[in-house]
Amino acid sequence: MAVPAADGSHTEKRKMTVSERSIPVLTAALREWLSGRLAPDRPAVSEVAMPDTGGLSSTSLLFEASWPGGGTEHRGRYVARMAPEPSAMPVFPGYDLPLQFEVISRVASCCDIPLPTLRWNEPDGDALGTPFFVMDQVDGRIPLDNPPYVFTGWLLEAPPEDRARLQRASVAILAKVHAIPEPAARFPGLRPPAGVDALRHHLAQQQDYYRWALADDGFRIPIIERSLVWLEEHWPRDPGPDVLCWGDARIGNIIYRGFEPAAVLDWEMAALSPRELDVGWFVFLHRFFQDIAEFFEQPGLPDFLRRSDVERCYAELTGWPLRDMDFYLTYAALRHAIVMARIKRRMIHFGEDQPPDDPDDYVMHRASLEQLLAGTYRWD
């Protein structure tokens with residue numbers, strides 16, 4: 001197991017493998033696009049930057065723009081979200097940017113969680129060669145994945161009472177999203193096919209993702225396939241009502257101001273499913289980092305986002321006692337296993353890693369997943 005390096009050279013290498021798009025070309029394209037959107041005079045656009053931190057999924061472009069209008073000078077700081085190019089060996093098979101824009105817009109209209117202000121949607125993608133949308137930049141800080149926040153940074157250094165405040169405020173985000181009424185009517189783009197159970201549909205999509213990401217060329221990872229069998233054997237008897245699930249529900253996708261959420265990001269994995277889908281992902285993604293810390297004999301944050309605390313807090317906020325959490329936590333570990341195995345193959349493709357001798361070692365959290373399947377994983 002290796003912790004992602006925190007030095008600048010590694011970050012720069014990762015950026016190059018994520019995208020080969022030319023920054024000057026993107027800057028010129030954005031300037032021309034904004035000119036058509038905003039004013040006949042060419043707006044001033046700062047050189048586009050790609051953030052050093054963040055995920056390996058959609059590409060984010062940071063830029064500033066100013067333009068005249070109505071006798072005044074308008075100025076803003078923006079983020080453009082676009083799909084990665086095929087040469088970057090994307091982590092996911094598809095990036096539906098118009099649907100993401102629609103989901104964020106509809107969440108903003110019926111829920112008071114903090115979201116970045118959406119500005120423009122370009123579903124045809126003519127300006128940049130791919131669909132994209134633009135939203136405001138939000139000031140604040142994010143618990144980092146690289147290096148993981150359990151090793152260093154503001155959250156690790158914070159007093160326990162401030163972390164507890166952040167934890168409760170973050171769980172409250174899930175509670176508010178799950179409380180959106182009539183989710184199937186409000187989010188038609190997320191509905192499963194007629195007559196198909198939402199959770200079954202979600203699992204079928206994960207199986208398709210596994211085949212696309214890894215098994216399309218005959219490559220198999222036994223622990224992933226064992227996990228799929230385990231899920232069938234432990235399927236919930238009554239999954240309960242479907243809600244809007246944020247999808248990539250984790251603190252690394254929240255911008256915080258102080259210890260309060262200032263913006264909820266990354267809705268590309270949004271789905272209609274039982275609420276436990278989100279809560280399981282939320283808990284497991286922290287445990288993924290905490291297990292890495294403990295592997296390297298570091299304390300990490302053992303008192304933070306504990307399973308029992310999150311479940312208790314969620315029940316207090318919603319009145320809903322979570323059910324079948326062993327299933328959903330194992331499902332989260334499986335889903336993350338597919339993502340991590342795809343990233344591993346991607347790193348090998350770009351010469352940043354070597355193929356392991358055992359295919360199960362494509363899963364970084366193999367030991368945790370094995371314990372979950374055996375029923376021996378210790379949560380608290």
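# A guided tour, helix by helix and hollow by hollow

Start by selecting helix α10, residues 307-318. Its 12 residues should span 16 Å at 1.5 Å a residue, and its end C-alpha atoms are indeed 16 Å apart, so the two values agree. The expected span of a helix is 1.5 Å times one less than its number of residues. Helices (H or I, at least four residues) and strands (E, at least two) are DSSP runs, numbered from the N terminus.

This is a predicted model, in which local features need pLDDT of at least 70 and side-chain atom pairs count only at pLDDT 80 or more, while totals for chains, interfaces and linings use all residues. Residues are numbered from 1 along each chain as its sequence is written, and side-chain values use heavy atoms, with hydrogens and water left out.

**Stop 1: around α10**

Stay on α10 and colour R307, V310, C313 and Y314, the buried residues of this helix. Buried means under 20% relative accessible area, exposed over 50%, and partly exposed in between (1.4 Å probe, protein chains only). Now look down the axis of α10: its buried residues fall within an arc of 135°, so they line one face of the helix. The arc is taken from the directions that run from the helix axis to the C-beta atoms.

What does this buried set pack against? Show α5 (160-178), α9 (276-295) and α11 (325-349), which the buried residues of α10 pack against. Contact here means heavy atoms within 4.5 Å.

Step just past the helix. G319 follows α10, and its phi is positive, near 75°.

**Stop 2: R307**

Select R307, which lies in helix α10. At 16% relative accessibility, R307 counts as buried. Which residues does R307 touch, leaving out those up to four places away in sequence? They are V283, M325, D326, L329, W379 and D380. Add R287 to the view. R307 and R287 are 20 residues apart in sequence and 9.0 Å apart in space, C-alpha to C-alpha.

**Stop 3: helix α8**

Move to α8, residues 222-233. This helix has 12 residues and reaches 17 Å from its first C-alpha to its last, close to the 16 Å expected at 1.5 Å a residue. Colour I223, I224, S227, L228, W230 and L231, which are buried in α8. They cover an arc of only 160° around the axis, which puts them on the same side of α8. Next, show α7 (198-213), α11 and α12 (366-374). These three are among what covers the buried residues of α8.

**Stop 4: the enclosed spaces**

Rolling a probe the size of a water molecule over the atoms shows where empty space is left. On a 1 Å grid over the protein atoms alone, a cavity is a set of points where a 1.4 Å probe fits but cannot get out; a pocket is an open set with protein on both sides within 12 Å along at least five of seven lines; lining residues have an atom within 4 Å of a point. Grid points are joined across faces, edges and corners, and a volume is the space filled by probe spheres set on the points.

How many cavities of 30 Å³ or more does the structure hold? There are 3. The largest cavity has a volume of about 50 Å³. Select its lining: R81, Q100, I104, P116, F133, M135, V264, L265, D266 and W267. Two elements, α3 (97-110) and β5 (132-136), give two or more residues to this lining.

The second largest cavity has a volume of about 40 Å³. Y149, R250, I251, G252, F282, L285, H286, F289 and L305 line the second largest cavity.

**Stop 5: an open pocket**

Zoom to Q205, Q206, E268, M269 and A270. Of the 29 residues lining the second largest pocket, these lie closest to its centre. About 800 Å³ of space lies in this pocket. α7 gives the most to its lining, with 7 residues.

**Stop 6: backbone details**

Select D266 again. D266 sits in the loop between β8 (260-264) and β9. Its phi is near 60°, a positive value in a residue other than glycine. At 22% relative accessibility, D266 counts as partly exposed.

Is E182 buried or exposed? E182 is exposed, with a relative accessible area of 59%. Find E182 in the loop between α5 and α6 (183-186).

Finish at P147, in the loop between β5 and α4 (154-157). The peptide bond from N146 to P147 is cis, with omega near 0°.
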